[in-house]
Amino acid sequence: MTIHIAEGDIAARTRAIVADLRFLEGPLLPILHEVQQEFGYVPQEAMPVIAEELNLSRAEVHGVVTFYHDYRDHPAGRHVLKLCRAEACQSMGGDALAERVKALLGIDFHQTTLDGGVTLEPVYCLGLCACAPAVMLDGEVYGRVDDQTAAELVAEARR
């Protein structure tokens with residue numbers, strides 16, 4: 001599934017978002033969150049607009065978008081499955097879990113299934129270190145995920 005938005009529409013909608021939030025202290029992150037909320041990702045066409053409106057370089061805006069894992073530069077699937085890759089989760093079987101989920105979905109990290117149903121993303125700590133390994137499906141966090149739970153979550157996301 002590909003969504004096409006006219007470049008002029010992206011620029012106009014981005015300018016409106018910036019106008020609403022530019023007077024916050026440190027407005028770049030809230031603006032990027034709002035742009036992603038609006039489009040489902042941060043379009044390349046939005047970055048120069050944000051840079052110009054905030055008197056930043058395009059490199060500064062691009063650097064923030066690429067630094068933080070929550071920002072996307074392309075649309076995600078209908079469901080987003082995030083696997084914790086931090087040390088606590090790795091020590092409790094996170095690597096094997098990641099391989100299992102990749103095999104179930106037929107994709108790697110930062111990819112979306114061909115039907116546009118599921119995007120798989122690595123994250124570095126979901127805050128459930130005591131309940132490792134942890135995953136997040138569409139904003140809901142699950143701890144102590146085993147092969148069976150992983151298969152159930154993948155099945156749920158594929159519906």
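In which kind of crossing, left-handed or right-handed, does α2 pass α4? Keep that one in mind while we look at the pair. The model you see here is a predicted one, and its helices are a good place to start.

**Two helices crossing**

Packed helices come with a standard description: the angle between their axes and the distance between the axes. For helix α2, residues 28-39, and α4, the axes come within 11 Å and cross at roughly 65°. Angles of 65 to 115 degrees count as roughly perpendicular, so that is the label α2 and α4 get relative to each other. As for the opening question, α2 passes α4 in a right-handed crossing.

There is also a nonpolar patch on the surface, made by L29, F67 and Y68, with an area of about 310 Å². Y68 sits in the loop between α4 (58-67) and β1 (79-84). How covered is Y68, then? Its relative accessible area is 38%, so Y68 is partly exposed.

**Helix α3 and its partner**

Now move along to helix α3, residues 46-54. Its buried residues are A46, M47, V49, I50, A51 and L54. As a reminder, an α-helix has 3.6 residues a turn, so residues three or four places apart point the same way. Just past α3 comes N55, with a positive phi of about 55°.

Helix α3 also has a charged contact to look for. Side chains of opposite charge can pair when their charged atoms come close. E53 and R15 do this through a salt bridge, at 3.3 Å from N to O. The pair ties together distant parts of the chain, with E53 in helix α3 and R15 in helix α1 (residues 7-21), 38 residues apart. R15 is partly exposed, at a relative accessible area of 35%. There is a wider group here too: a network of salt bridges links R15, R22, E52 and E53.

**More salt bridges**

How many salt bridges does a search of the whole structure find? The count is nine. Here are some of them, with the N to O distance for each pair:

| Pair | Closest N and O atoms |
|---|---|
| E53 and R15 | 3.3 Å |
| D70 and K82 | 3.0 Å |
| E121 and R72 | 2.9 Å |

Take the pair of D70 and K82, which form a salt bridge. Distant parts of the chain are linked by this pair: D70 belongs to the loop between α4 and β1, K82 to strand β1, and twelve residues separate them. Are the two partners buried or exposed, or something in between? D70 is partly exposed, with a relative accessible area of 41%, while K82 counts as buried at 13% relative accessibility.

Then there is E121, whose salt-bridge partner is R72. This pair also connects distant parts of the chain, with E121 in strand β3 and R72 in the loop between α4 and β1, 49 residues apart. Buried means under 20% relative accessible area, so E121 counts as buried at 8%, and R72 counts as buried at 13%.

**One last residue**

Finally, find P133 in the loop between β3 (118-123) and β4 (135-137). P133 has 6% relative accessibility, so it counts as buried. Where is P133 relative to F23? Their C-alpha atoms are separated by 40 Å, and the two residues are 110 apart along the chain.

Terms used:
Residues are numbered from 1 along each chain as its sequence is written. This is a predicted model: local features need pLDDT of at least 70, side-chain atom pairs count only at pLDDT 80 or more; totals for chains, interfaces and linings use all residues. Side-chain values use heavy atoms; hydrogens and water are left out. Patches are made of residues with over 30% relative accessible area and no salt bridge: like charges are joined within 9 Å, nonpolar side chains (Val, Leu, Ile, Met, Phe, Trp, Tyr) within 5 Å. Accessible areas come from the Shrake-Rupley method with a 1.4 Å probe; for residues, only the protein chains shown count as cover. A salt bridge is a side-chain nitrogen of Lys or Arg within 4 Å of a carboxyl oxygen of Asp or Glu. Helices (H or I, at least four residues) and strands (E, at least two) are DSSP runs, numbered from the N terminus. Buried means under 20% relative accessible area, exposed over 50%, partly exposed in between (1.4 Å probe, protein chains only). Axes are lines fitted to C-alpha atoms, for helices over the stretch in contact, and angles run from 0 to 180 degrees between N-to-C directions. Angles under 35 degrees count as roughly parallel, over 145 as roughly antiparallel, 65 to 115 as roughly perpendicular and the rest as oblique. A crossing is left-handed if the near helix is turned anticlockwise from the far one by less than a right angle, and right-handed if clockwise.
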